[in-house]
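Trainee: Hi! I'm new to this one, could you walk me through it?
Mentor: Happy to. Let's put it on the screen and talk it over.

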Amino acid sequence: MTRFVTKLAAATAAVALASVPGLASAQTTQAVDEKTGPVSFANVASVRIGNPGSLITETQRSPLTPGQSKLSPDRTVVPRDDGEKNTFGDKWAVNLGRFGAQSPFPPGIASRDHNVLAALQQTTVPTAVAESNYALLDNGRGGAKPADNTVLVIEGAKSAVDCSSPAKTTSSTSVGKIWVRDETGTLKPSGASGVDVKGLKLGPPSVIKNENIGKDETTSDLTVSRVTAFDQLIRQDGWRNGDVTAVAGWKVDIVTHVRDDAGKDLREARTTLVLGGVSCSIPKNFVAKPAGGTGPGAAPEQPAVPGTVPAGGIPPQSADSTRTVVGLGLLGGGIVIGAAAMLLFRRRKPVPVREK
């Protein structure tokens with residue numbers, strides 16, 4: 001199944017630059033190669049339901065000139081709308097840190113905005129970071145409050161990558177606490193390095209028509225681990241690697257054993273989530289430019305230039321037992337801050353993209 005992504009390409013507007021004070025340096029900024037040059041990517045949350053069905057939220061890509069692309073704080077939950085629910089299912093939800101009057105998190109965890117960005121430094125070194133709190137809710141539990149349905153919390157999650165040179169790349173994935181609902185129904189801390197839980201009271205992300213699920217008999221096996229390889233990321237073809245690549249993020253693998261009230265096995269549902277997936281890549285002959293900027297990918301004298309491409313979902317073609325449905329996620333969906341303040345996005349013919 002193919003999907004179509006409208007490719008973003010930035011070109012400087014010489015007339016506009018000449019008329020804006022303080023932008024003379026942007027005219028001499030040389031862009032990195034779009035296909036082989038240094039690049040970074042950042043994604044707040046993506047999901048694979050079955051194989052190869054997936055839902056990919058907005059992915060940030062570093063600009064071609066020094067600057068950064070940051071995910072809008074308006075993305076607070078997955079799935080966000082009916083289109084994404086058709087792909088992800090209507091039982092599960094992932095809160096991305098910000099919440100309203102009712103919190104899906106344990107007491108003491110405050111509402112916060114995520115920080116998800118991909119940057120090209122002034123030295124042309126690509127970096128990326130994803131910081132957030134995550135809560136996985138099973139609304140099939142039927143709890144009165146969001147927190148009653150939360151089965152997993154990754155508190156203070158941060159993943160970051162830096163590709164300074166072919167001989168020096170760094171990646172880190174850290175967390176404050178990982179909370180899991182135990183067999184007694186209590187949400188409690190379960191470590192900070194990873195989790196492997198069997199028999200978790202967690203139903204499937206979606207149900208099949210006329211399926212008679214036994215809530216007390218259905219359980220899931222859940223594993224939380226660090227992303228250590230590029231192929232573990234859930235991504236579009238446009239999210240590329242290079243000769244040298246660093247990756248980071250949290251991977252959540254869930255195998256749900258769906259049973260009826262008598263304990264008879266009905267089916268097995270497999271789901272993988274990647275939370276805070278980031279990567280950076282450089283060619284083998286990459287040499288960073290001399291330092292001299294004022295911050296990480298920053299050009300503070302230039303204003304932000306909005307460049308937004310929404311994510312979405314493709315409705316299921318069928319409702320079979322494997323729930324293999326393909327979703328749609330697009331590169332972009334953030335705020336692009338670049339060295340050339342007046343960027344023009346040229347419209348190109350959409351190119352087909354195959355899901356990984």
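**A first walk through the model**

Trainee: Where do I start? Strand 3 has caught my eye, so what does it pair with beyond strand 5?
Mentor: One thing to keep in mind first: this is a predicted model. Strand 3 covers residues 39-49. It runs antiparallel to strand 5 (residues 59-61), and three bridges join the two. Strand 4 (residues 54-56) also pairs with strand 3 in the antiparallel sense, over three bridges. Then there is strand 18 (residues 265-282), again antiparallel, with ten bridges to strand 3.

Trainee: Can you give me some residues to click on? Which residue stands opposite Val39 in strand 18?
Mentor: That is Ser281. On the strand 4 side, Val47 stands opposite Leu55. For strand 5, click on Asn43, whose bridge partner there is Thr59.

Trainee: Is strand 3 mostly covered or mostly open?
Mentor: Mostly covered: eleven of its eleven residues are buried.

Trainee: And in general, how do side chains sit along a strand?
Mentor: In a regular strand they alternate between the two faces of the sheet.

Trainee: What comes right after strand 3, on the way to strand 4?
Mentor: A loop, and Gly53 lies in it. Gly53 counts as buried because its relative accessibility is 0%, and the cut-off for buried is under 20%. The C-alpha atom of Gly53 is 8.0 Å from that of Thr87, although the two are 34 residues apart along the chain.

Trainee: Let me zoom out. How many helices and strands are there in the chain?
Mentor: Four helices and 22 strands. The chain has 356 residues, and buried ones make up 50% of them. Looking at contacts with a separation of 6 or more, 70% are between residues 24 or more positions apart.

Trainee: How about the surface? What share of it belongs to carbon and sulfur atoms?
Mentor: The accessible surface of the chain comes to about 15,900 Å², and carbon and sulfur atoms hold 52% of that.

Trainee: Now the inside. How many cavities of 30 Å³ or more are there?
Mentor: The count comes to one. The volume of the largest cavity is about 40 Å³.

Trainee: Which strands supply at least two residues each to its lining?
Mentor: Strand 10 (126-138), strand 11 (150-165) and strand 18 each do. So strand 18 turns up again here, because we met it as a partner of strand 3.

Trainee: Which residues should I highlight for the lining of the largest cavity?
Mentor: Val94, Tyr134, Ala135, Leu136, Leu152, Val153, Ile154, Val252, Leu273 and Leu275. They divide into ten nonpolar, no polar and no charged.

Trainee: You mentioned strand 11. What does it pair with, and in which sense?
Mentor: Strand 11 pairs with strand 12 (residues 168-174) in the antiparallel sense, over seven bridges. A hairpin joins the two strands through two residues. If you want a pair to look at, Lys158 has Ser174 as its bridge partner in strand 12.

Trainee: Any unusual backbone spots? Where is there a cis peptide bond?
Mentor: Go from Val78 to Pro79: that peptide bond is cis, with omega near 0°. Pro79 lies in the loop between strand 7 (77-78) and helix 3 (82-88).

Trainee: And phi angles? What is the phi of Thr124?
Mentor: Positive, about 70°, although Thr124 is not a glycine. Thr124 is found in the loop between strand 9 (115-120) and strand 10. Asn210 is another non-glycine residue with a positive phi, near 70°. Asn210 lies in the loop between strand 15 (195-200) and strand 16 (219-226).

Trainee: Are those two buried or exposed?
Mentor: Thr124 is buried, because its relative accessible area is 7%. Asn210 is exposed, because its relative accessible area is 73%.

Trainee: One last stop: where does Gly242 lie?
Mentor: In the loop between strand 16 and strand 17 (244-259). With a relative accessible area of 32%, Gly242 is partly exposed. Leaving out residues up to four places away in sequence, Gly242 touches Ser281 and Ile282. You may remember Ser281 from strand 18, where it stands opposite Val39.

Trainee: What about Lys35, how far is its C-alpha atom from that of Gly242?
Mentor: The two C-alpha atoms are separated by 9.4 Å, with their positions 207 residues apart along the chain.

Technical notes. Residues numbered from 1 in each chain as written. Predicted model: local features only at pLDDT ≥ 70, side-chain atom pairs only at ≥ 80, totals over all residues. Heavy atoms only, no water. Buried < 20%, exposed > 50% of the residue type's maximum accessible area, 1.4 Å probe, protein only. Pairing = 2+ DSSP bridges. 1 Å grid on protein atoms, 1.4 Å probe; cavity = no way out; pocket = protein on both sides within 12 Å on 5 of 7 lines; lining within 4 Å. Points joined across faces, edges and corners; volume = space filled by probe spheres on them. Nonpolar A, V, L, I, M, F, W, Y, C, P; charged D, E, K, R; others polar. Contact = heavy atoms within 4.5 Å. Areas by Shrake-Rupley, 256 points an atom, 1.4 Å probe, with all protein chains shown as cover.
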